[in-house]
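Let's take a friendly walk through the pockets of a protein and the ligand it holds. Have a look at the picture first, then read on.

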Amino acid sequence: MKVPFVDLLRQHRALAKSFQKQLAYTIANNHFILGKPVEAFEQAFARHVGVGFAVGVASGTEALHLSLRAAGVGEGDEVLIPSMTFAATALAVLYAGATPVTVDVQSENALIDLQDAGKAISPRTKAIIPVHLYGQSCDMDQIMAFATKHHLKVIEDACQSHGSLWGKKATGTYGIAGCYSFYPSKNLGALGDGGMIVTNDAALHQKLLMLRNYGQPQKYRHETLGFNSRLDGLQASFLSLKLRHLKRWNRLRQKHAARYRQKLKGLPIQLFAQEKQLDGHIYHLLVIRAQQREKLQTYLSSQGIETNIHYPIPIHAQGFMKEANAPQRPCPVADGLSKEILSLPMFPELTPKEIDYVCQALHAYFK
Ligand SMILES: *Cc1c(COP(=O)(O)O)cnc(C)c1O
């Protein structure tokens, strides 16, 4: 049996006819750049997460970059980020002209460790980017309290947490801005690149509209250094179709995670983070921790099971950080995790049979 890590085709086959209709509609109406489909999706997405405003942008990376700029974070400022995250969290800080300062993570969930964040604070620290890694919600009560105490702006990296909640509110709605990615394999994915910024701040919203569109408040008047960083009309129309399924897809991921957890009981591996509340984890990734990870990955591969590592090199050890002369804070927990984590197949259309096959392989390996 072959178990893919992600199989987008299973999801897209069912939607292909509606996608084609949207394509024909887009061509017939010239809805390529911004316009109605983008506005409609922005409104639907804002409603979905429960915020006042949403701004469609070119990618999750650009969502972070433009949010930092709109929040006035730039040259001379330091931004706290967890060392265990996708590189884009740090790259966006550098694009904004600021310095990413890596903070270690908690060993039980790989989320930013506020105790270490406290040690990383300097007079230049201006913002913090909590990352809701793997689909798990960060403790936003603690993060907001920390940010208030140290006068930091909070920009949430919700690129892996479309629809996860902390308390009664969605992740991405606690900070001044929440940033989403619609990279195809995310919980909500486009048929290409795409991103979104959500906010309740009307002034920030206005700035973001300018920043994503060459700095124009109106055509050919360029008030500020802006970018060409818009969400495509076609992608917006695809995303509107897919948004209707997001809740159901997240439920399926949670169901799969519960099955994995039950079937993996008793093995010397640790499953990352239990849900502390309903929708506290929407399982963008299903990550386990095991000794001799490489050996395990090779064995699973020999059994036809595709796995991945998120992420093998923590941010503080990446070449671009050295190149940028960003402070290299030691992050021993992130270092340790990077050698033990392994992501198992996880996507809504995964079947119970496939999960059972993966779990049987893991049992066989540890026998
Ligand atoms: C995917 C991702 C991004 C970047 O999103 P893109 O749309 O690929 O630019 C940023 N941060 C995290 C945590 C991500 O998973």
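## Pockets and ligand

The largest pocket holds about 510 Å³ of space. Here a pocket is an open set of points on a 1 Å grid over the protein atoms alone, where a 1.4 Å probe fits, with protein on both sides within 12 Å along at least five of seven lines. The volume is the space filled by probe spheres set on those points. This is a predicted model, in which local features need pLDDT of at least 70 and side-chain atom pairs count only at pLDDT 80 or more, while totals for chains, interfaces and linings use all residues. Residues are numbered from 1 along each chain as its sequence is written, and side-chain values use heavy atoms, leaving out hydrogens and water.

Lining the largest pocket are 37 residues, with Q160, Y183, S185, K186 and H284 nearest its centre; lining residues have an atom within 4 Å of a point.

The ligand sits in this largest pocket, as more than half of its atoms lie within 2 Å of the pocket's grid points. Of the 14 residues around the ligand, G60, T61, Q160, S181 and K186 come nearest; being around it takes a heavy atom within 4 Å. Three side chains have an N or O atom paired with a ligand oxygen atom, as polar contacts (N or O pairs within 3.5 Å):

| Side chain | Distance to a ligand oxygen |
|---|---|
| Q160 | 2.8 Å |
| S181 | 2.6 Å |
| K186 | 2.9 Å |

The second largest pocket has about 330 Å³ of space, and 21 residues line it, with N109, L111, S137, D139 and K276 nearest its centre.

Key
A polar contact is a pair of N or O atoms within 3.5 Å; within protein, one must be able to donate a hydrogen and the other to accept it, and residues adjacent in sequence count only if both atoms are side-chain atoms.
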